[in-house]
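The questions below go through one protein model and its ligand surroundings, strands, helix and domains. Each answer ends on what was asked.

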Amino acid sequence: MTYRVIPVPVFDYVVFGGTGDLARRKLLPALYFRLKDGQILEGSRIIGASRREMTDDEYRTMTSEALKEFLAPVDFDEAVVSRFLQMVSYVPVDAASEGGWDELRERLELEPDRIRAFYLAVGPDIFDPICENIGKHGLVTPQTRVVIEKPLGKDLDSARRVNESVGRVFSEDQIFRIDHYLGKETVQNLMALRFANVLYGPVWNSAMIDHVQITAAETVGVGSRGDYYDHSGALRDMVQNHLLQLLCLVAMEPPDTLDANSVRDEKLKVLKALRPINDENSSIITVRGQYRAGIIDGKSVPGYLDEVTDHASETETFVAIKAEVANWRWAGVPFYLRTGKRLPSRMSEIVIFFKQVPHSIFPKGSGNIQANRLVLRLQPDEGMKQWIMIKDPGPGGMRLRHVPLDMTFAEAFQVRNPDAYERLLLDVIRGNQTLFMRRDEVEAAWKWIDPIKECWERSSTAPKPYTAGTWGPSSAVAMIERDGRNWHEDIS
Ligand SMILES: NC(=O)C1=CN([C@@H]2O[C@H](COP(=O)(O)OP(=O)(O)OC[C@H]3O[C@@H](n4cnc5c(N)ncnc54)[C@H](OP(=O)(O)O)[C@@H]3O)[C@@H](O)[C@H]2O)C=CC1
Ligand SMILES: O=C1O[C@H](COP(=O)(O)O)[C@@H](O)[C@H](O)[C@H]1O
């Protein structure tokens with residue numbers, strides 16, 4: 001099977017930080033795939049911009065090397081790469097000074113009427129001068145958009161400052177705040193599942209759902225991003241954005257339409273309904289941990305404190321939280337969130353645990369009736385499994401069995417699963433903000449997150465150590481077991 005692709009209008013993408021890790025590892029490969037699939041039209045331009053001096057040809061060589069490094073060999077198609085490189089060029093620009101801006105303007109003015117997107121793949125400390133320079137040099141046309149990457153602040157105040165500096169030059173409908181989890185196939189499928197099927201609507205509430213688990217587990221450590229991460233930690237790096245966005249999509253009311261503001265209005269209501277975490281409940285419903293040296297996939301890996309500059313750092317690399325959406329639909333349904341680095345496997349998923357049947361009509365010896373559960377697997381093996389009880393086949397009498405209705409996308413559709421950035425980068429060109437965060441959502445998320453961090457600081461306790469290759473500190477297991485529940489394990 002192949003994708004149905006509708007080409008987007010011809011565009012100019014200016015990637016500030018075009019020589020950086022994000023551009024080389026994610027953005028350039030994503031645009032390459034969209035060209036390969038026929039979604040980008042000839043004539044579109046991708047202009048890398050950063051401080052270092054480089055000619056167009058040198059940037060093309062760097063791009064080609066990045067594609068070689070980050071694409072699977074089977075995806076590297078010489079003919080497409082050569083067409084892609086013709087679209088690519090480079091302007092040395094110093095975001096924080098006058099250098100290079102006139103040249104960038106001249107290049108963009110060659111195509112003044114086309115859709116223009118500025119991708120800020122740079123640290124947030126230079127969002128302000130970049131936006132100011134974009135405004136000052138007259139680069140904002142009615143067809144212009146700006147894409148900003150996390151971290152969108154490190155708390156509510158700094159997030160407001162970021163939003164204000166970008167908002168001085170761009171209007172809200174021109175600002176695309178990326179959360180790449182929203183571009184993942186399964187996440188979009190969650191909306192299809194909930195709102196394009198009649199089956200789930202009536203059971204999507206506290207009468208039928210016992211609890212929800214959202215996990216984003218990684219095997220990697222902090223790698224080369226230690227400086228950033230040590231000032232962030234798992235709560236700000238993963239929970240404030242990705243995990244809360246997933247929670248919103250599970251918990252939100254049906255929006256009127258898929259229109260960006262309808263969806264974002266509903267997500268905002270969920271964020272505002274999150275029960276605040278305070279000094280009384282923080283030690284019971286939150287757990288933070290930090291990895292120590294251990295073994296993952298048979299290889300020894302160092303501890304966090306050996307990987308960062310501050311060897312006494314108290315930054316958390318693991319968080320588990322029992323959240324609650326205090327509204328009519330969800331009262332009493334815990335949302336257990338869990339994320340961490342150096343866990344045993346790379347796995348992100350949402351699991352909806354339904355309630356037990358109220359009464360069993362089956363004789364003893366038929367086997368236990370297990371509650372239905374719906375597993376939405378974001379990665380790896382993207383897909384969905386609805387676990388149900390059936391009768392064991394054959395003449396052996398009434399024996400019950402728990403089995404999955406399995407919809408693993410790669411198997412079902414035989415297509416390459418596109419990276420989240422492929423979808424999101426072109427949504428920017430389409431002007432579709434549905435999968436991007438609105439300013440008030442980002443700020444509402446920080447309003448819930450900031451007090452958690454403050455409680456941890458006031459408690460003056462360090463994060464609990466856990467051995468790399470385990471599922472976090474034992475207190476994360478204790479937290480859910482106290483409620484008579486367990487973390488989901490893949491039982492297929
Ligand atoms: N890497 C990733 O996977 C992810 C990164 N992010 C975020 O994206 C941003 C970029 O990350 P990453 O690519 O990893 O960082 P890198 O350090 O690899 O790249 C930074 C880029 O910014 C450019 N740059 C720095 N200062 C200036 C300046 N004054 N003017 C113009 N360009 C400048 C650098 O080029 P030069 O030195 O030549 O100017 C370089 O191209 C960060 O905020 C990061 O948190 C978010 C999600 C994932
Ligand atoms: O935003 C981030 O996400 C990655 C994990 O993304 P995934 O798509 O691989 O699940 C995480 O490693 C990084 O620390 C964080 O900044």
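Q: Which residues are around ligand 2?
A: The model is predicted. In it, a residue counts as near a molecule if its C-beta atom, placed from the backbone, lies within 6 Å of it. Around ligand 2 this gives Lys150, Ala216, Glu218, Asp237 and Ser348.

Q: How many residues of the shell around ligand 2 are charged?
A: Ala216 is among the residues around ligand 2, and Ala counts as nonpolar. The shell has 1 nonpolar and 1 polar residue. The number of charged residues is 3.

Q: Where is the kink in helix H9 centred?
A: H9 covers residues 234–251, and its end C-alpha atoms are only 22 Å apart. A straight helix would reach 26 Å at 1.5 Å a residue. H9 has a kink of about 35°, and its centre is glutamine 240.

Q: How many of the 18 residues of H9 are buried?
A: A residue is buried if 20 or more other C-beta atoms lie within 10 Å of its own. H9 is mostly covered, and its buried residues number 17.

Q: Which strand runs parallel to S8?
A: Strand S8 spans residues 286–292, with 6 of its 7 residues buried. It is joined by 4 bridges to S11, which runs antiparallel to it, and threonine 286 stands opposite isoleucine 321 there. On another pairing, glycine 289 stands opposite lysine 464. That parallel partner, also joined by 4 bridges, is S17.

Q: How many Å apart are the C-alpha centres of domain 1 and domain 2?
A: Domain 1 is assigned to 11–149, and domain 2 to 182–417 + 438–481. Their C-alpha centres are separated by 34 Å.

Methods. Residues are numbered from 1 along each chain as its sequence is written. Chains are lettered from A and ligands numbered from 1 in the order in which they are written. This is a predicted model: local features need pLDDT of at least 70, side-chain atom pairs count only at pLDDT 80 or more; totals for chains, interfaces and linings use all residues. Domain bounds come from an automatic or database domain assignment. A residue is buried if 20 or more other C-beta atoms lie within 10 Å of its own, exposed if 12 or fewer, and partly exposed in between; C-beta atoms are placed from the backbone. Helices (H or I, at least four residues) and strands (E, at least two) are DSSP runs, numbered from the N terminus. Two strands pair if DSSP finds at least two bridges between them. The expected span of a helix is 1.5 Å times one less than its number of residues. The bend at a residue is the angle between axes fitted to the seven residues ending there and the seven starting there.
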